[in-house]
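Please walk through this fold with me, from one helix residue to the strands, the core and the ligand shell.

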Amino acid sequence: MRSILVLNAKGGCGKSTISTNLASYYAWQLEQKVVLADFDPQGSSMAWLEARGEEWPLIEGIAAWKDPLKHARDTDVLIMDAPARVHGPELTQLLRRAETVLFPVLPSPIDMRAAASYMEELLSAGRVERKEVKVGVIANRVRENTIIFSELYDFIKKLKVPYIATLRDTQNYIRAEERGLGIYEMAPSQVWQDIEDWEPLVKWLKSKRSQP
Ligand SMILES: Nc1ncnc2c1ncn2[C@@H]1O[C@H](COP(=O)(O)OP(=O)(O)OP(=O)(O)O)[C@@H](O)[C@H]1O
Ligand SMILES: [Mg+2]
C-alpha cells in the first residue's frame, strides 16, 4: 500500500486541497482503492467526501482525528491530510504511517519563513533522517511572473528536499472542492492547465524517488 502524508505546520497552505485532489486522482484516474484519512478536527477532507456524489468512484474516509486508522487490507493508497501545527510526538506518530510527505508552501514571506523552520524540524525527525520517509515540496497558489513566485522558487531550491511541482492559483480548486471532486474529474477544457501542473507530481509519486 502506498501511503502519502500531506503536511505543513502552516494553516491554509493547501494540505486539504492537495489531499482531496490526490485522492480523486488515484480513485478516478488510476481506478485504485483509496482511503482518505483526515487528521484535522476541522474535517475539511471529510466534508469534501460528503459533498461527493455517489456516481463518482468511492473513496473511503476516516475521521482520523477521533477514529482509529483501520482500513481494508486491499487498500491501494492511503492519503493522510494533516492538521496545522503538528509538532513533537504528534509529528512522530504521523510520520510513522507515511512513506512520502508532500509539503505545500505558499508564495508569501510569512509562509516561507514558517516553512523554513518547520522543514528543519521535519528533516531532523528520525524516520526522515533515516530516509524511511521521502519529502517533496509543492509550490501552491502560484501566479506566474510575479516577484514573490521567483522568491518562492529560489527559496524552495535552497531547501534540502526536492521541488516537485508548482500549482497555480485558480478557482478550479474551489469549484471542484464544492462538488466533492478533484480537478481530474472536471471538464478537461476547463482544467487542462491544472492537469499539466499535476503531471510532475504524479510522475514523482509513481517513481522510486518518492519511496523509501
Ligand atoms: N492552488 C489553489 N488555487 C486557489 N485556491 C486554493 C489553491 N489551493 C488551496 N486553495 C484554497 O485555499 C484555502 C486553504 O486551502 P486548504 O484548506 O487546502 O489548506 P490547508 O493547508 O488544508 O488549511 P488548514 O491548515 O486550515 O487545514 C481553501 O479555500 C482552498 O480552496
Ligand atoms: Mg486542511
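**A guided tour of the model**

Glutamine 190 is found in helix H8, residues 188-206. Helices here are DSSP runs of H or I with at least four residues, strands are runs of E with at least two, and both are numbered from the N terminus. Glutamine 190 is partly exposed, because 14 other C-beta atoms lie within 10 Å. The scale runs as follows: a residue is buried if 20 or more other C-beta atoms lie within 10 Å of its own, exposed if 12 or fewer, and partly exposed in between, with C-beta atoms placed from the backbone. Glutamine 190 and valine 35 are 155 residues apart in sequence and 27 Å apart in space, C-alpha to C-alpha.

Some ground rules come next. This is a predicted model, in which local features need pLDDT of at least 70 and side-chain atom pairs count only at pLDDT 80 or more, while totals for chains, interfaces and linings use all residues. Residues are numbered from 1 along each chain as its sequence is written, and chains are lettered from A and ligands numbered from 1 in the order in which they are written.

Now turn to the strands. Strand S1 (residues 2-6) pairs with strand S5 (residues 100-105) in the parallel sense, over 3 bridges. Two strands count as paired if DSSP finds at least two bridges between them. Valine 6 has leucine 102 as its bridge partner in S5. S5 is mostly covered, with 5 of its 6 residues buried. S5 also pairs with S6, in the parallel sense and over 6 bridges. There, valine 105 stands opposite alanine 139 in S6.

S6 leads on to S7. These two strands pair in the parallel sense over 4 bridges, and strand S7 covers residues 163-168. Helix H6 (residues 147-158) joins S6 and S7 in a right-handed β-α-β unit. Right-handed has a strict meaning: with the strands pointing away from the viewer, the path from the first strand over the helix to the second runs clockwise.

Valine 137 is a good place to stop in S6. Is valine 137 buried or exposed? Valine 137 is buried, because 23 other C-beta atoms lie within 10 Å. Its bridge partner in S7 is tyrosine 163. Valine 137 and phenylalanine 103 are 34 residues apart in sequence, yet 4.6 Å apart in space, C-alpha to C-alpha. Leaving aside neighbours within four places in sequence, the contacts of valine 137 include Phe103, Val105, Ile156 and Tyr163. A contact means that two C-beta atoms, placed from the backbone, lie within 7 Å.

A second parallel pair is formed by S2 and strand S3 (residues 59-62), over 4 bridges. The chain crosses from S2 through helix H2 (residues 44-51) to S3, and this β-α-β crossover is right-handed. Valine 34 has isoleucine 59 as its bridge partner in S3.

Methionine 112 sits in helix H4, residues 109-123. Methionine 112 is partly exposed, because 18 other C-beta atoms lie within 10 Å. Leaving aside neighbours within four places in sequence, methionine 112 is in contact with Val105, Leu152 and Phe155. Methionine 112 and leucine 152 are 40 residues apart in sequence and 7.2 Å apart in space, C-alpha to C-alpha.

Next comes the core. The largest nonpolar core has 64 residues, and those with the most contacts inside it are Ile79, Met80 and Ile138. H1 gives the largest share of this core, 6 residues. Such a core is a set of buried Ala, Val, Leu, Ile, Met, Phe, Trp, Tyr and Cys residues joined through C-beta atoms within 7 Å. Leaving aside neighbours within four places in sequence, isoleucine 79 is in contact with residues including Ile4, Leu22, Val34 and Leu36.

Two loop residues deserve a look at their backbone. Most residues other than glycine have a negative phi. Glutamate 31 has a positive phi near 55°. Glutamate 31 is in the loop between H1 and strand S2 (34-38), and counts as exposed because it has 10 C-beta neighbours inside 10 Å. Arginine 85 also has a positive phi, of about 55°. Arginine 85 lies in the loop between strand S4 (77-81) and helix H3 (88-96).

The ligand comes last. Which residues are closest to ligand 1? The closest are Gly11, Lys15, Ser16, Thr17 and Ala84, among 19 residues that surround ligand 1. A residue is near the ligand if its C-beta atom, placed from the backbone, lies within 6 Å of it. Helix H1 (15-29), strand S6 (134-142) and helix H7 (171-178) each supply at least two residues of this shell.
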